[in-house]
Amino acid sequence: MTSSSTIAWFKRVRQGILAVATVVATGLMLPAEIFAQGRDFSAVAIKTHQVSDTIYMLEGAGGNIGVWAGDDGVFLVDDQYAPLTEKILAAIAEISDRDIRFLINTHIHPDHVGGNENLGRRGVAIIGHENIRSRLMDGVFNNPPPPDIALPVITFEDNITFHLNGEEAHAFKVPNSHTDGDTIIHFHGSDVLHTGDVFRTTSYPVIDTRHGGTFKGTIETLDIILEVASPDTKIIPGHGFVTDEIMVQTFRDMVATIGDRIAAMVADGKSIEAVLAAKVTAEFDERWGYPDGFFFTNDQFIQIIYNELAGEN
Ligand SMILES: [Zn+2]
């Protein structure tokens, strides 16, 4: 992609994902995290973390990949970016010599589904919530739709269960949180949960309102994760490190606290300018604020919640 078309593309992305951010000065934001365009992946190394006897997490660039490997074969959760597929396959080969049979997508963002086409061409069966398939077919962030081979070939409405490698994995649609296709996968025997991007250890949640994400759904889904998880459950977030329900509780309470503060100001008829001036996230910004260069700012996070609670979405 040429630099001018890259810039044009960034503009389209900003118009889309930040369509609600009309009050906040946006400055220059490169969507550094979720888009492959213009990025050099040559220095990215894939790091493997063993989570249980049969589950691994691959860390590279983009969303965390779950690998479920056993006698029956390999099952993947998400696949990062297309330029990383060969490195990802090499990392999986270190874990298992069995075939990669299935791939499930947690949601539509390019840092989670960018490898779909490569894996589809290798004969991997792609599974995804029906909203993921339809959103991808429409083209995400005004991108052209991918070829059919990159789309889920097996879709579900509520949930789907996999029986492989001597255990069951249950994938289920959660309320519209990060997007309207958010899917969480619970590996029952291993007691490992992959949450997709509803939960991350790296920053405030990202609520992609353009693709159906909601603040209230985010809280509901975090509560579902806390219901499903036990103190022993290992939790793979969409971004960040393997953790447990205590971290999810901390994250949930932080998000809910910010939401409660904004809700109180909305109930008092405060404007978005007044809410931003009140610095409702102040004590959380150091730990949870978006990193430099991120495509969202903390003020935009506040504004997305405000718009939803004020009924302005
Ligand atoms: Zn995402």
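1. D197 counts as buried, at 2% relative accessibility. The model is a predicted one, and D197 is a good place to start reading it, as one of the residues that coordinate the zinc ion.

2. The zinc ion is held by four residues: H107 through NE2, H109 through ND1, H178 through NE2 and D197 through OD. The distances are 2.1 to 2.2 Å. Along the chain these donors follow the spacing H-x1-H-x68-H-x18-D.

3. Two of the ligands, H109 and D197, link distant parts of the chain, being 88 residues apart. H109 lies in the loop between β5 (100-104) and α3 (110-113), while D197 lies in the loop between β11 (192-194) and α6 (215-228). H109 has a relative accessible area of 1%, so it is buried, the cut-off being under 20%.

4. What is the geometry of the zinc site? The site is irregular, with angles of 83 to 170° among the four donor atoms.

5. Elsewhere, strand β2 (residues 55-59) pairs with two strands. Four bridges join β2 to β1 (residues 47-50), and the two run antiparallel. Four bridges also join β2 to β3 (residues 65-70), again antiparallel. Strand β2 is mostly covered, with four of its five residues buried.

6. L58 in β2 stands opposite T48 and also opposite I65 in β3.

7. The connections on either side of β2 are hairpins. Four residues lie between β1 and β2, and five lie between β2 and β3. In the hairpin of β2 and β3, G62 takes a positive phi near 100°.

Methods. Residues numbered from 1 in each chain as written. Predicted model: local features only at pLDDT ≥ 70, side-chain atom pairs only at ≥ 80, totals over all residues. Heavy atoms only, no water. Buried < 20%, exposed > 50% of the residue type's maximum accessible area, 1.4 Å probe, protein only. Pairing = 2+ DSSP bridges. Donors = N, O, S within 2.8 Å, 3.2 Å for Na, K, Ca; no water. Tetrahedral: all angles 85-135°; square planar, octahedral: opposite > 155°, others 65-115°.
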